[in-house]
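This report examines one protein structure. Its subjects are helix burial and charged side-chain pairs.

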Amino acid sequence: MKQGEGIPRDEGAFAPSRRDFLKGAGVVAGGLTIAGMFAGLTGCSPTENGASGATERQTIADDAGGYPVIVHETDVVVVGGGLAGCTAARRVIQAGKTLAIVDKGRFGHSGTSGQNWGADFISPELAADGGQGFFETIVADFFGLCDQDWAWAFTQGLREGAPMVTVEKSGCVQQRNPDGSLFGTWSSETPMSDTFGNKVRRFAQMLHRMGADVYDYTMMVDIMQDGDGHCAGIVAIDLKTGAAHVFRAKETILATGVNSWAMKPSIMGPEDTGDGHAVLAKRGVPLWDMEMTTFDYTVIKPYSMAGAVNEHAGILTLNSSVWDRAQNSQGDKYCTDYFTSAEHEANPAAGFVTFELLTMQQIMGGESIYMDCTGIDRDHPMYPYGMMHGFFDDVPEVGYSYAKAEECQQACITSCGHVRQSATMETDIPGLYSAMQGLTYYGQSQAFGQGWVAGAAAAAAADEIALPAFDMTEVKQVLDGVYGHLTKEQPSNGIRAATLLESIRDNSASLRYPRDADGIKTAIDGYAKLRGEGLPAMYCASSSRTMNIEWKNAIEAEHVLMCGEAIALASDLRKETRPWFYRSDYPKIDNDNWFKNITCSYRDGSWTLGTEEVNASRIKADDVKSMLMDIDLDATI
């Protein structure tokens, strides 16, 4: 298939002549060539399933207020190239629809799920109970607050999409015990693949073979809507060249990840700056559950010279998988009683939450948390063998070598904030689907499940409508703001964008767990000052549109700020402790008053908060409450 073939052209769309095309290309970003503008377009090839890969018609419109814009037309545009985005894109291509993938980072390596160590994966695809046990685990793990229609839908997406089988088809045989059973299996109802072979780059390679058009290092800066409010696609900036793109699509899927970069420190992907959250909030879509953030306790060592005794670089994460390595400053391994009890044996899924509660009690008591690293090796029963093989005994001369108890710091691993989604993952904006919700430790499972469901729904819906119209004057307004960062003069009190972005992240320090009223107020006041004084003073040191990382930081800064504001404000409103939310001044769970979701609605720089009843459509609210353990941080578990 030649470039430019694909879906029928809407004659009402922008159709510049060859002269207009060349004229538009000639004025893009400081002498950018046409070849440079289209660098990265992959064309089209047959897919593994016999359907056609994605191809868009490229045009140049030079009437967006002086901004040349590369316009693409497609059935579906997927924003984000992590596990959720790759899964959604694969499903769209399998359905025979045209597709564009827009990824802010390097495709196959960006975001939280794209980090090189991969991710362990929990999937019900082999369960005999149809996914019911997994579904109940998700409901209980988020302590009842998740939308049950959403949870059931992504559970079935996992069963249909079969990620564990897909990983094996990609060439990575699942890790198994000596008897051939899957390593890490909890029970016959909830098989758990605790393998680190679930690397997003495997899914990215599949998509390349399927002929997907990928535009990486390309950042979404806004969505578009037609006159009826239907999503018409996105506006994006090529971070390599500075060129503006419009992806005009029948259906749009946001798989932009969580907003974990609003918290610091975080070991998650630096692309997770809450772009999808902020863009939707600006469009009037409320954000839900922003106060909920999950943490691990992490040992981080900087790089050092090879040969320095026991001082090699690396990262180790302390969580329920290695509970026997958790200790306080007195050497007390405080998890032993629970994890060796009949209670844990009967309900191992509760281990995640209980580990967090036990650790939080230690912190509230003034203790520091340590990971006992003495004698750790790849034969430790709760470490994946392949992971340990690369980290410890075999190659101590190149790093990742530990020989004593190491102090851990609290590191954000994901954020639970999201928008309301239907059972098809469609948001409050018609034609716009979200695959960016990441509750608790099951974020990778949710990414795949949501991506699968959203991809299937978007592909089906694309059959029903024509390409939505969009207003180029609206695109101009978006680009005024984006390019305005580069033309802004340095204020007398100027703050470089990169510096401001880190200041916004630093402000989250008082939101580490356990939170309290004073710390939350400190965070709220800090964000208010950053919005009132920091954003107006922000500038970029270079006005170049080419490979200007600080320009990207300037665009991200407001997104991170908005997410931080919502986290702090929602934290102030919720007056209880509930995994994954801990307050020392409200140490008990309060199902009578706080079995509800908190919403944050944004308009003109300010937020309005509200609450919504939990959608308990499959398990009644009273039954859910009876499933949950009593929580009191002041009591002994």
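The following paragraphs describe one helix and then a set of salt bridges in this predicted model.

**Helix α7**

Helix α7 spans residues 200-209, and its buried residues include Val200, Phe203, Ala204, Met206 and Leu207. Because these residues cover an arc of only 155° around the axis, they lie on the same side of α7. An α-helix has 3.6 residues a turn, so residues three or four places apart point the same way. The cover over the buried residues of α7 includes α3 (83-94), β3 (99-103), α6 (163-169) and α13 (443-462). Glycine 211, just after α7, adopts a positive phi of about 85°.

**Salt bridges**

The model contains 25 salt bridges. Three of the pairs are tabulated here.

| Pair | Closest N to O distance |
|---|---|
| Glutamate 73 – arginine 248 | 3.6 Å |
| Lysine 97 – aspartate 463 | 2.2 Å |
| Lysine 476 – aspartate 480 | 2.7 Å |

Glutamate 73 belongs to strand β2 (residues 67-79) and arginine 248 to strand β9 (residues 244-254), so their salt bridge ties together parts that are 175 residues apart in sequence. Both glutamate 73 and arginine 248 are buried.

Lysine 97 sits in the loop between α3 and β3, and aspartate 463 in the loop between α13 and α14 (472-487); the pair therefore ties together parts that are 366 residues apart in sequence. Lysine 97 counts as buried at 13% relative accessibility, whereas aspartate 463 is exposed at 51%.

Within helix α14, lysine 476 and aspartate 480 are 4 residues apart, which means a separation of about one helical turn. Lysine 476 is partly exposed at 29% relative accessibility, and aspartate 480 is partly exposed at 31%.

Salt bridges also link Lys104, Asp275, Lys552 and Glu556 in a network.

Conventions: Residues are numbered from 1 along each chain as its sequence is written. This is a predicted model: local features need pLDDT of at least 70, side-chain atom pairs count only at pLDDT 80 or more; totals for chains, interfaces and linings use all residues. Side-chain values use heavy atoms; hydrogens and water are left out. Buried means under 20% relative accessible area, exposed over 50%, partly exposed in between (1.4 Å probe, protein chains only). Helices (H or I, at least four residues) and strands (E, at least two) are DSSP runs, numbered from the N terminus. The arc is that of the directions from the helix axis to the C-beta atoms. Contact means heavy atoms within 4.5 Å. A salt bridge is a side-chain nitrogen of Lys or Arg within 4 Å of a carboxyl oxygen of Asp or Glu.
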